Amino acid sequence: MFNPVVAGITVRATLGRRRALLFAVPAVVLIALTLVLRAANPVGVQWPANVLGTFGFSVLLPLTALIIGTGVLGAEIDDGSVVHLLATPVRRLDVIITKFAVAVGLTALFAAVPELIAGLLAPNSGKLAWALFAGALVGSVVYSAVFVLASVVTTRAIAFGLLYVAIWEGALSNVVGGVRILSIAHYGLGVANAIDPEKNLQAGLGLSTSLILGTVITVGGLYLATRRLQTFSIAGDPV
Amino acid sequence: MTTIEFRNVSRWYGNVVAVNDITMDIGPGVTGLLGPNGAGKSTILHMIAGFLAPSKGTLTLDGTATWKNPEVYRRLGLVPERDSVYAFLTGAQFVTATAKLHKLAEPERSAAWAIGLTEMAEAQDRKISTYSKGMRQRIKVAAALVHDPEILLLDEPFNGMDPRQRLHMMDLLSRLGDEGRTILFSSHILEEVERLSGTIQVMVAGRLAASGDFRAIRRLMTSRPHVFHVRTSDDRRLAAALVGRDYTHAVELTSKGLQVRTSDYGAFCEQIAAITRDENIRLTELLPTDESLESVFGYLIAN
C-alpha cells in the first residue's frame, strides 16, 4: 500500500517548495513563546497547559496540517504533474495512502515534535509534554486524512481548511458544545487529557469518543479520497 | 498490435459539446490527430488515456475500457501537453522513478534505454528545471516510453522543439510506428502531420471531419475554392475577364474591391498578373482571405 517512490517524490516536492518555510513558523513561535514565558516565570499562572493546549492545538497543529495535507497531492493536481504519477499502474489507494503517510509524518515533525519540545521546555510539564505529543499525533493523522481528501475534491482546499479551522473549530466549538463532536483539535485534546488530566486543556471530549470519531473520519476520508482519485479527470480542450 | 476503438463517443462539459458522436478505429502505425485549437483533440487523447470518461458511447483498447482502469497503463504511454514535470528531479531520476512506478525489473536499465531513444543522455543528470521546453518534451517522451508501451499518445509533442529536435522526434515516432506500435499524436500544424503520418483523423468543432489517408484528404483540402480579395484600377473590367476562366467559381463586386472564388489556387495566382496586364488594369492589392487552418477545416466539415 505504501509506495516508496511516490513517498520520495512527495517529500522532495513538499519540502522543496517555498511555502515549506511556512511549516516551521508556527513551531518556532510556540517554542519562542514557551522560552519567553519560562524566563518571565509568571507566578500563580498555569500557563503550560493553556499555551501548549490552546496555541498548540488551535493554531500550530491545524495550520501546519493544513499547509502540508493540502500540498502533498493538491500541489501536483494544481500544476498538472500528477498526470505523470497517475499514468502508471500504481493503485489509486496506494497513492492516497502514501500521500497521507507523508502528510502525517511531516505534520508530526513540524507540529507534534515542536509541541513535545515546548512541553519539555516548560516547567513541571514532563507528563503533559508527552500527553500533548500523543494528542498532536492523533490530530496529525485525522487532519491529514481530511486535508488530503479536501485537496482531491476541490481546488480551494486551503480556503476550505481555513474556514473549518477558524470558524468551526476556532469559534463555534468554543460556543456550542455539540460542535466539538466534529472538531479534530478536540480529538487531540481528548487524548492528551486522558493521558494527563488537566482542566486547563479544556478538552471537550473523552478518550473513547475522540479515538472512535477520529478513526471513522480518517478511514472515511481516505476511502472517499481514493474513490475521488479513481475518477480523476483532466480538463479537455478549452471550448 | 493494438486497436483503439471509438463507438459513438461524445463528451460534453455542462451544455458544451467537446466531442460529438465519434466512431473511428486507430490501429498500429502513426496516426495524426489534426485540428484547430479547441477542436477536441486533447479531449480525445485524455479519454483514450483514461483521464476522462466518455459522456456517451464506448471507447476501448482491444475491447478493454480505459476509464477507471489503471492496468491499461502497462500498455499505454502518455505525453501530456502541459509542461509540468517534477522539475526538482534530474531527467534520469524522473525516468527511473517512472520505471519503478511501472515495477519494471531493471528500472535503471529501462530508463537508460528510453533516455537514449530520445537523445537526452547528455542532459540526464541535470535538473529538469534547467531544461528548455524542447528538452522537457523529450524527457516526457522518455518517461512515457520507459515501459515500452504498445500505445503511445502524444498531445502536441512538437511544441517548443527546435527544427533539429523536431526532425529527430518525427524519426523516432516513425520508427516506433513501423515496429507495430499504435502512435497517436495531436497537432494543429498541417505540415507536422503531413511529414509524419500517412493516416490522419481531422477534428473540427468536436466532430470527425475527415478520416483516412493523408494524401486523399490533402487533395480534398487543396481542391476547395479559395477566396481572394483583389483591388485594381478597374474592378468591373477585371471581373468580366475572370468570369470567362475555368477556375473562377464566382466574382463579387464589393465597395472595397473584388471577392474572387477560385477552384485552382495555383492557376489563379499565376495568371492574375498577366490578365491585369493584358486588360491594362493596375493591380493594387491581392490577398488570400481564407488561408487559416480553421477555414480549411471548415471546408472539410461542410463537405
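Two residues are in contact if their C-beta atoms, placed from the backbone, lie within 7 Å. With that in hand, let's work through some exercises.

This is a predicted model, in which local features need pLDDT of at least 70 and side-chain atom pairs count only at pLDDT 80 or more, while totals for chains, interfaces and linings use all residues. Residues are numbered from 1 along each chain as its sequence is written, and chains are lettered from A and ligands numbered from 1 in the order in which they are written.

**Exercise 1. Find the contacts of B:L153 and place this residue in a core.**

Step 1. Set aside the neighbours of B:L153 within four places in sequence; the contacts are then B:L45, B:I48, B:A49, B:L76, B:L78, B:V79 and B:L184.

Step 2. Recall two terms. A residue is buried if 20 or more other C-beta atoms lie within 10 Å of its own, exposed if 12 or fewer, and partly exposed in between. A nonpolar core is a set of buried Ala, Val, Leu, Ile, Met, Phe, Trp, Tyr and Cys residues joined through C-beta atoms within 7 Å.

Step 3. The largest such core holds 144 residues, and B:L153 is among those with the most contacts inside it, along with A:A111, A:V148, B:V95, B:I139 and B:A142. Helix α7 (residues 126–153) of chain A is the top contributor to this core, with 18 residues. A second, separate core has nine residues, including B:L238 and B:F268.

**Exercise 2. Describe how B:T3 sits in chain B: is B:T3 buried or partly exposed?**

Step 1. Along the sequence, B:T3 belongs to the segment before β1 (4–13) of chain B. Helices (H or I, at least four residues) and strands (E, at least two) are DSSP runs, numbered from the N terminus.

Step 2. Count the surroundings: B:T3 has 14 other C-beta atoms within 10 Å, so B:T3 is partly exposed.

Step 3. Beyond residues up to four places away in sequence, B:T3 touches B:D25, B:I26, B:G27 and B:D62.

**Exercise 3. Work out how β12 and β13 of chain B are arranged.**

Step 1. Strand β12 (residues 248–254) and strand β13 (residues 257–262) pair in the antiparallel sense over six bridges; pairing asks for at least two DSSP bridges between two strands.

Step 2. Within this pairing, B:A250 has B:R261 in β13(B) as its bridge partner.

Step 3. Two residues lie between β12(B) and β13(B), and the strands form a hairpin.

**Exercise 4. Characterise the side of chain A that touches chain B.**

Step 1. The contact draws 26 residues from chain A and 31 residues from chain B.

Step 2. On the chain A side, α1 (4–16) and α5 (82–86) are the elements giving two or more residues, and α1(A) gives the most, with five residues.

Step 3. By type, this side has twelve nonpolar, nine polar and five charged residues. Here Ala, Val, Leu, Ile, Met, Phe, Trp, Tyr, Cys and Pro count as nonpolar, Asp, Glu, Lys and Arg as charged, and the others, Gly among them, as polar.

**Exercise 5. Say where confidence in chain B is lowest and highest.**

Step 1. Chain B averages a pLDDT (the predictor's confidence in each residue, from 0 to 100) of 87, and 93% of the residues score at least 70.

Step 2. Confidence is lowest in helix α10 (residues 293–302) of chain B, at a mean of 62, and highest in helix α2 (residues 91–101) of chain B, at 95.

Step 3. For the complex, the predictor gives an ipTM of 0.85 and a pTM of 0.82.
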